[in-house]
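Work through the following exercises with the sequence and the coordinates at hand, and try each task before reading its solution.

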Amino acid sequence: MKRLMVLLLTLVLILAACGGGGDSASSAEDGEFKEQTWKIGFNTVEGSVRDVAAKKFKETVEAETDGAVTVEIYPNEELGSAQEMIESVQVGALDMQIAGANMMANTIPEYATLSLPFLVKDFEEAHAILDSEIGDKLKAMGEEQGIKVLSDVELGFAQITNNVHPINKPEDLEGLKMRSPNDKSLIETFKALGSSVSTMPFTEVYLALSQGVVDGQFNPLDAIYETKFHEVQDHLALLNLTYYYSYFIMNQGAFDGLEPELQEIVQKAANDARDASYEFTASKDEEMLKKMEDSFVEITEPDVEPFQKAVKPVYTKMEDVIDPEIIKEVETFLEEYRSEQ
């Protein structure tokens, strides 16, 4: 049934595109671009970092094409679930998406590499990986699946909330019902910590938390605040559990069909969107924490080392899913990077 829904969604989007809202192929005559409309979808609300990135992309594209190309933004899974939108981009029914790397890992398992718990310590390390040959290799894997990865979009480091008790040590997660995106590395992380795990779309999490279907969740502070999870959760643990980021993606064939000048504009706009996300995330953590601190019964900052030890077996388990070579490459890269700092 779900596959049928995806196919129906794809058909609707293809028909919409044929009506003038998704024809990515273009040709410029007399220095002017063909008038066309592109759609961008994502799974978080207006005001989120994805929304900030999408609006920056729209601003750059429309300015650089003198309004010939119009960009429409669809937040909050208006065009389907995150996974459905990825599939729609693959087949060319949706122009673009800001897709979580952990969701894209269902198509390209290696995209879950940076989701490994406590792999990177800070934003600079994550940026260094994504800007390296490893990042280029990951982008190339997308092309093999019909997906043009234009840039990354930063979401932040995931923190843990729950309604049962404060989190101070790994044992405090035992028995908790935690929501996770459908990312094997994150699911295995919480299983290793003794939690039961439920996967569900991001848009369903607030209701699940408020009704006690799940006890807790993990997300960057911006996502916790913008989605009002702090209104239905009592405890926040600041752990920097995993680095969350998205990819700004486009159908590969659609990108290839653009004339070179428009390809350059699209790439520039995606880079601008990435930079806007970096700036937004860097400025928001402290601000969001301050806004939410009175909503939580208790905020803890646990010692990370016991958690790191508890989840180390996840790295070995993930070698059944992710090419062990890329995990080794990232770990070697980080060792060298840290030694130079």
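**Exercise 1.** Compare the expected span of helix 11 (residues 260-292) with the distance between its end C-alpha atoms, and then find where helix 11 bends.

*Solution.* The model is a predicted one, and the test begins with the 33 residues of helix 11. Since the expected span is 1.5 Å times one less than the number of residues, helix 11 should cover 48 Å. The end C-alpha atoms of helix 11 lie 46 Å apart, which agrees with that expectation. As for the course of the axis, helix 11 bends by about 40° at K284.

**Exercise 2.** Decide whether S277 is buried or exposed, and identify the residues that S277 touches beyond four places in sequence.

*Solution.* Begin with the location: S277 belongs to helix 11. Its relative accessible area is 0%, and because the limit for a buried residue is under 20%, S277 counts as buried. Leaving aside residues up to four places away in sequence, S277 touches V49, V153 and E154. A further link across the sequence is the pair S277 and R50, which are 227 residues apart along the chain while their C-alpha atoms are separated by 7.4 Å.

**Exercise 3.** Describe the largest pocket by its volume, by the residues nearest its centre and by the classes of its lining residues.

*Solution.* The largest pocket has a volume of about 490 Å³. Its lining comprises 29 residues, and those nearest the centre are N43, A82, M103, R179 and F202. Sorted by class, the lining of the largest pocket holds twelve nonpolar, eleven polar and six charged residues. Helix 3, with three residues, makes the greatest contribution to this lining.

**Exercise 4.** Describe the second largest pocket in the same terms, naming the helix that gives the most to its lining.

*Solution.* The second largest pocket contains about 240 Å³ of space. Among the residues lining it are P117, F118, K121, Y315 and R338. Helix 12 (304-311) and helix 14 (324-340) each supply at least two lining residues, and helix 14 gives the most, with four. The lining of the second largest pocket divides into six nonpolar, one polar and five charged residues.

**Exercise 5.** Which residues line the largest cavity, and which element provides the largest share of that lining?

*Solution.* The volume of the largest cavity is about 40 Å³. The lining consists of A101, N102, S115, L155, Y243, Y244 and Y245. Strand 10 provides the largest share, three residues. By class, five of the lining residues are nonpolar and two are polar, with no charged residues.

Key:
Residues numbered from 1 in each chain as written. Predicted model: local features only at pLDDT ≥ 70, side-chain atom pairs only at ≥ 80, totals over all residues. Heavy atoms only, no water. 1 Å grid on protein atoms, 1.4 Å probe; cavity = no way out; pocket = protein on both sides within 12 Å on 5 of 7 lines; lining within 4 Å. Points joined across faces, edges and corners; volume = space filled by probe spheres on them. Nonpolar A, V, L, I, M, F, W, Y, C, P; charged D, E, K, R; others polar. Bend = angle between axes of the 7 residues up to and from the residue. Buried < 20%, exposed > 50% of the residue type's maximum accessible area, 1.4 Å probe, protein only. Contact = heavy atoms within 4.5 Å.
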